[in-house]
Amino acid sequence: MNQTAQQDLRDEEIVALCQQGQGEVFEILVRRYMEKAFRIAFDFTHNTEEAKDLSQDAFLRAFTRIKQFDGRSSFYTWFYRLVVNICLDYTRRKGRVVWERLDKETESGSGPVELVDTSALPDEEAIAGEAKRRADLTLEAMPNKQRTAFLLRNHQGLSIPDVARVMKTTEGTVRVYLHRAVAALRQSLLEFV
Amino acid sequence: MARNDILPTACKSFEEDLVLFYYGDDSAADHRRVEVHLKECAPCRGFVEDLRKLLPQMAKPKELPPKFWDDYYAETMAKLTVPQERNNWWKDLFVPMRAWMLPAFGTAAVTALAIGLVIGKGNWRPFSEPREKIPQEILADTNQLEFFRSLDLIESLSSLESPDGTKVKPMSDHQS
């Protein structure tokens, strides 16, 4: 199979090939999902290196457990669940994210890649930075399930049924989580609107 | 930053529907119902407007340079290669044997068990069971047991009788 044909394979076809022993095609899934996996991990950690490690760990787990994938859900739902679980384990292990450390790293210039858009004017930039920081703090203070539902829907663009599948819960519960998260964020960010 | 004091509160009964309305996750009927409500309710309109301003901003990360993703990809593939090798080296040793290994080991185990049961039947003594303790003086006398047995035999010879009731004479008498 040539390179172009491989790139056109659906996720489930790639998984089937991996399960038959052609592990090398897994790299297509890495290319396909690396950005999304990294972004989710970053939303949980706010640290580039840790986000990198966690998301790469998710790929590693997906690869080693690929034979356990039974196709009952789509690959990306299964993979998202892996990433989210790894991130939640991380937050439980680590406790609250230390925001001060992120600020210090950013000030010293040796910190992680900054994800806030800094192309705006200095005042706007400062306000945007403060709003982002406030939003992050509000997200951090949320219960894990609310935050996960919000990040998957708002940041990752997953549909509510997909979020429910990733979180192994009902769509109704996801709607409630989402509503609570959005209401809390709006409340904390009103002064920046 | 003057919004705090004039916080427009959306109708509580509509708030969840407004969030779903914003994301487009509501049903067509709910969508129409919310649209009708929004025409009449300024606080709810304000709520949806706020979501439109705030939420996309939060979800918008700065683009990372292509080099970041190249490095990320290379690192991930390097990490993936290591467990692959680690998982495979010992499996390769067993691949030629895999087809016959299971029945062969199974048969060998059953045979060994059967032989063990046949040969060891009735002779099995657990290793941990303590030997029966025999007093030392008796143990010392066991060597003389044969001697006492022979004496008993000699004594009983004298009491042997012939089938007709007469006593059998000892051998020494015959000779004399």
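**Exercise 1.** Leaving aside neighbours within four places in sequence, with which residues is Val83(A) in contact?

*Solution.* This is a predicted model, in which local features need pLDDT of at least 70, side-chain atom pairs count only at pLDDT 80 or more, and totals for chains, interfaces and linings use all residues. Residues are numbered from 1 along each chain as its sequence is written, and chains are lettered from A and ligands numbered from 1 in the order in which they are written.

Step 1. Two residues are in contact if their C-beta atoms, placed from the backbone, lie within 7 Å.

Step 2. With neighbours within four places in sequence set aside, the contacts of Val83(A) are Ala37(A), Ile40(A), Ala41(A), Ser55(A) and Ala58(A).

Step 3. Val83(A) belongs to helix α5 of chain A; helices (H or I, at least four residues) and strands (E, at least two) are DSSP runs, numbered from the N terminus.

Step 4. Val83(A) has 27 other C-beta atoms within 10 Å and is therefore buried. A residue is buried if 20 or more other C-beta atoms lie within 10 Å of its own, exposed if 12 or fewer, and partly exposed in between, with C-beta atoms placed from the backbone.

Step 5. In sequence, Val83(A) and Val166(A) are 83 residues apart, yet in space they are 9.8 Å apart, C-alpha to C-alpha.

**Exercise 2.** Identify the residues that touch the most other members of the largest nonpolar core.

*Solution.* Step 1. A nonpolar core is a set of buried Ala, Val, Leu, Ile, Met, Phe, Trp, Tyr and Cys residues joined through C-beta atoms within 7 Å.

Step 2. The largest such core has 57 residues, and those touching the most other members are Ala41(A), Val83(A), Ala149(A) and Val163(A). Helix α3 (residues 26–45) of chain A gives the most to this core, nine residues. At least three residues come from each of domain 1 (10–109) and domain 2 (121–193) of chain A, with bounds from an automatic or database domain assignment.

Step 3. Beyond four places in sequence, Ala41(A) is in contact with Ala51(A), Leu54(A), Ser55(A), Val83(A) and Cys87(A).

**Exercise 3.** Compare the burial of helices α2 and α9 of chain A.

*Solution.* Step 1. In α2 (residues 11–19) of chain A, the buried residues are Ile14(A), Val15(A) and Cys18(A). They line one face of the helix, because they fall within an arc of 100 degrees seen down the axis of α2(A); the arc is that of the directions from the helix axis to the C-beta atoms. Their cover includes α3 and α5 (75–94) of chain A.

Step 2. Helix α9 (residues 160–167) of chain A has seven of its eight residues buried, so it is largely enclosed by the rest of the structure. Among them are Asp162(A) and Arg165(A). The buried residues of α9(A) pack against α5, α8 and α10 of chain A.

Step 3. Gly21(A), with a positive phi near 105 degrees, follows α2(A), and Lys168(A), with a positive phi near 55 degrees, follows α9(A).

**Exercise 4.** Describe chain B and its contact with chain A.

*Solution.* Step 1. Chain B contains eight helices and zero strands, and buried residues make up 10% of its 176 residues.

Step 2. The mean pLDDT (the predictor's confidence in each residue, from 0 to 100) of chain B is 75, and 54% of its residues reach 70 or more.

Step 3. The contact takes 36 residues from chain A and 32 residues from chain B. By class, the side of chain A that touches chain B has 19 nonpolar, six polar and eleven charged residues. Ala, Val, Leu, Ile, Met, Phe, Trp, Tyr, Cys and Pro count as nonpolar, Asp, Glu, Lys and Arg as charged, and the others, Gly among them, as polar.
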